[in-house]
Amino acid sequence: MNTEYGRWVEISFDCLPLRSIRSFDIPDDASPKLAEKMERLESAVAKHGVHNSYYLHNAACIFHLTNSAAEGMLHYTFDGVVLTDEKDLAPRRCDLNIELAKETCDWINQSVVEWMHEAVRQALLVEFQRYIAEGDLSKTIERIEAIEKESDESGGFVGMYL
């Protein structure tokens, strides 16, 4: 019997380039959830900087360990930073906060749950490479070349927050 299931790993995320953040000021009327997110963003910038770093949020990674929708599923949620190479063409590593949100695996133990955190990281790096490839790489390359040219022409100073 040959059955093609077709679902290996499902990954979803929203991506925010850290260089696009202009302020970490938390509005007085911000919800606790928004304030917490802003604090995580500020911490991410302090730890990783703003160049070649992307904050992923509203993110999930679902593993299907069996060919059944009713059992064998591990659903992780995460947020954190993906760092890319100097040309933003390939992910290099990630720094994620990962939590098991839901599972349908009666047989799984805590050591496997923890071990799967590394599987989430590795799956995300593969998916982020696909994310980059599906984007318009020529625009990324043009943007980098324009910044380098402007920097060269101005003696190395391009301006603040670039």
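## Exercises on a predicted model

Of the 162 residues in this protein, 33% count as buried (under 20% relative accessible area; exposed is over 50%, partly exposed is in between, with a 1.4 Å probe and protein chains only). This is a predicted model, where local features need pLDDT of at least 70, side-chain atom pairs count only at pLDDT 80 or more, and totals for chains, interfaces and linings use all residues. Residues are numbered from 1 along each chain as its sequence is written, and side-chain values use heavy atoms, with hydrogens and water left out.

**Exercise 1.** Work out the order of helices and strands along the sequence.

*Solution.* Start with the inventory: three helices and four strands. These are DSSP runs (helices are H or I with at least four residues, strands are E with at least two, numbered from the N terminus). Then read along the sequence, and you get β-α-β-β-β-α-α.

**Exercise 2.** Find what share of the contacts with a separation of 6 or more comes from residues 24 or more positions apart.

*Solution.* First fix the term: a contact means heavy atoms within 4.5 Å. Next, take the contacts in the protein with a separation of 6 or more; residues 24 or more positions apart account for 67% of them.

**Exercise 3.** Place Met-38 and list its contacts beyond four places in sequence.

*Solution.* Begin with the location: Met-38 is part of helix H1, residues 32-48. Its relative accessible area is 15%, so Met-38 is buried. Now skip the neighbours within four places, and Met-38 touches Ser-23, Phe-24, Asp-25 and Ile-26. For Ile-26, check the backbone too: the C-alpha atoms of Met-38 and Ile-26 are 7.0 Å apart, with the two positions 12 residues apart in sequence numbering.

**Exercise 4.** Decide whether Asp-85 is buried or exposed, then list its contacts.

*Solution.* Asp-85 sits in the loop between strand S3 (73-84) and strand S4 (91-103). With a relative accessible area of 11%, Asp-85 is buried. Leaving out neighbours within four places, its contacts are Asn-52, Ala-90 and Arg-92.

**Exercise 5.** Look at phi for Asn-58 and Asp-88, and say where each residue lies.

*Solution.* Recall the background: most residues other than glycine have a negative phi. Asn-58 has a positive phi, near 50°. Asn-58 belongs to strand S2, residues 53-64, and counts as exposed because its relative accessibility is 54%. Now Asp-88: phi is positive here as well, near 60°. Asp-88 lies in the loop between S3 and S4 and, at 6% relative accessibility, counts as buried.
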